[in-house]
Amino acid sequence: MEQQYVCLVCGYNMVGYLPDNCPFCGAHSKNFITARECSERFSVVQTPVNDSVTRLNSSPSLGLEHAAYTVDTGAGVIMIDCPSTFDPTFPPLDHIIFTHHHFLGASNLYRSELGSKVRIHRLDSDNDLTRGFVFDNTFDRGFVENGLEAYPIDGHTPGFTFYLFEDVLFICDYIFMKEGRVRMFNRFGPAGKTATGGQRLLDLLSGRTINTVCGYNYVTDFPGWVEGVEGLLGENHRKR
Ligand SMILES: [Zn+2]
Ligand SMILES: [Zn+2]
C-alpha cells in the first residue's frame, strides 16, 4: 500500500501525497490517518437492500462518508461509489462506477487489490479531487450494461450520473432528505444546473416502475421521495 491518508472528518483518501489540509473539507492534517490504519480500525458493513443490492458503510462511521452500494447483476458485481475504508476481506468485485467525483473512497485500493475496473463520467475524471486515482474507463453518454443503466444529468457536478438497476434508483447526494422527507437539492454546486438536472431526472424516470431510492445517507421508498422532488421543482418554478 503506497503512501495514502484518510481524512477522519470527511473520509476523503489522499493517494500518494500528504497535504497540510484535506482537499475535500479543508481539515488540518492532524485529522489524517494512513489508509493502512484505516483498514485496521474500520471495516465495511454490508446491509442488504434487496436480493441483488447491498448498502456499504464504514464501521464505525467515518466522517462524512457517503453510502456506497453493490449490485449483483448476475453477470458480475458492480460497486456504485466506494467506501473510504479498504476492507481486505471484501469479496470479488468486477467494477466500481461513480455517480460523481466527490467520494472516490479507497477505490484505488479495491482496484489494485481486487482487480476491479473503475469508471466515471469523463467530465468528473480530471480535477483536484481525482488526484492519484486511476480510472480504467470514462464515459460521456448514458449506457446500459448487464441491466445497469447509467444516465448523466450534470448539475451537482458536470459529470453527475444516476443509475438504475431493475426497480432501484441510485442517486447518491443529488437530493438531501431530513427526517424522512425530501428537503432540497444538493447545495454544493450550481443551483440552476442542479435543478435542471433534477427535472431531467424526473423526465427519465417518468413511466418507469421504481420502488426504492438509494441515496448517500438514506434508503427510502420511491413514491414519497419522487413527490418530494416534484415539490422542490415546483418551488423553483415559483421562485423564478
Ligand atoms: Zn476531509
Ligand atoms: Zn457530492
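The chain holds four helices and 18 strands, and the model examined in these exercises is a predicted one.

**Exercise 1. Overall dimensions**

Work out what radius of gyration a compact globule of 240 residues would have, and how the chain agrees with that value.

*Solution.* Begin with the expectation: for 240 residues, a compact globule would have a radius of gyration near 18 Å. Next take the value for the chain, which is 17 Å, and therefore agrees with the expectation. The C-alpha atoms, taken along the principal axes, fill a box of roughly 50 × 40 × 35 Å. Finally, turn to the interior, where buried residues make up 42% of the 240 residues, and to the contacts between residues at least 6 apart in sequence, of which 49% join residues at least 24 apart.

**Exercise 2. The sheet of seven strands**

Find which strands stand at the edges of the open sheet of seven strands, and explain why one side of each is left without a neighbour.

*Solution.* First write down the strand order, which is β4-β5-β6-β7-β8-β9-β10, with mixed pairing. The strands at the edges are β4 (43–48) and β10 (137–139), and because each has a single partner strand, one side of each is left without a neighbour in the sheet. From one strand to the next, the twist averages 25 degrees. As a last step, look at the edge strand β10, which runs parallel to β9 (residues 117–121) and is joined to that strand by three bridges; here Arg119 stands opposite Asn137.

**Exercise 3. The sheet of three strands**

Determine the strand order and the kind of pairing in the open sheet of three strands.

*Solution.* The order is β2-β1-β3, and the pairing is antiparallel. The edge strands are β2 (13–15) and β3 (32–34), each of which pairs on one side only. The twist in this sheet averages 30 degrees from one strand to the next. Between β1 (residues 4–7) and β2 there are three bridges, and the bridge partner of Gln4 in β2 is Val15.

**Exercise 4. A residue in a loop**

Decide whether Ser52 is buried, partly exposed or exposed, using its C-beta neighbours inside 10 Å.

*Solution.* Locate the residue first: Ser52 lies in the loop between β4 and β5 (53–59). A buried residue needs 20 or more such neighbours and an exposed one has 12 or fewer, so Ser52, with 16, counts as partly exposed. Leaving aside neighbours within four places in sequence, Ser52 is in contact with Val71, Asp72 and Phe165. By contrast, Glu37 is 15 residues away along the chain, and the C-alpha atoms of Ser52 and Glu37 are separated by 31 Å.

**Exercise 5. Alternating side chains**

Sort the residues of strand β12 (residues 148–152) by the face to which their side chains point.

*Solution.* Leu148, Ala150 and Pro152 point to one face and are buried, while Glu149 and Tyr151 point to the other and are not buried. Now add the partners of this strand, starting with β11 (residues 143–145), which is antiparallel to β12 and joined to it by three bridges, with Phe143 and Ala150 as bridge partners. These two strands form a hairpin with two residues between them, and Asn146 in the turn has a positive phi of about 50 degrees. Strand β13 (residues 161–165) also pairs with β12 in the antiparallel sense, over five bridges, and there Glu149 stands opposite Leu164.

Methods:
Residues are numbered from 1 along each chain as its sequence is written. Chains are lettered from A and ligands numbered from 1 in the order in which they are written. This is a predicted model: local features need pLDDT of at least 70, side-chain atom pairs count only at pLDDT 80 or more; totals for chains, interfaces and linings use all residues. Two strands pair if DSSP finds at least two bridges between them. Axes are lines fitted to C-alpha atoms, for helices over the stretch in contact, and angles run from 0 to 180 degrees between N-to-C directions. Two residues are in contact if their C-beta atoms, placed from the backbone, lie within 7 Å. The radius of gyration is taken over C-alpha atoms; the globule rule is 2.2 Å times the number of residues to the power 0.38.
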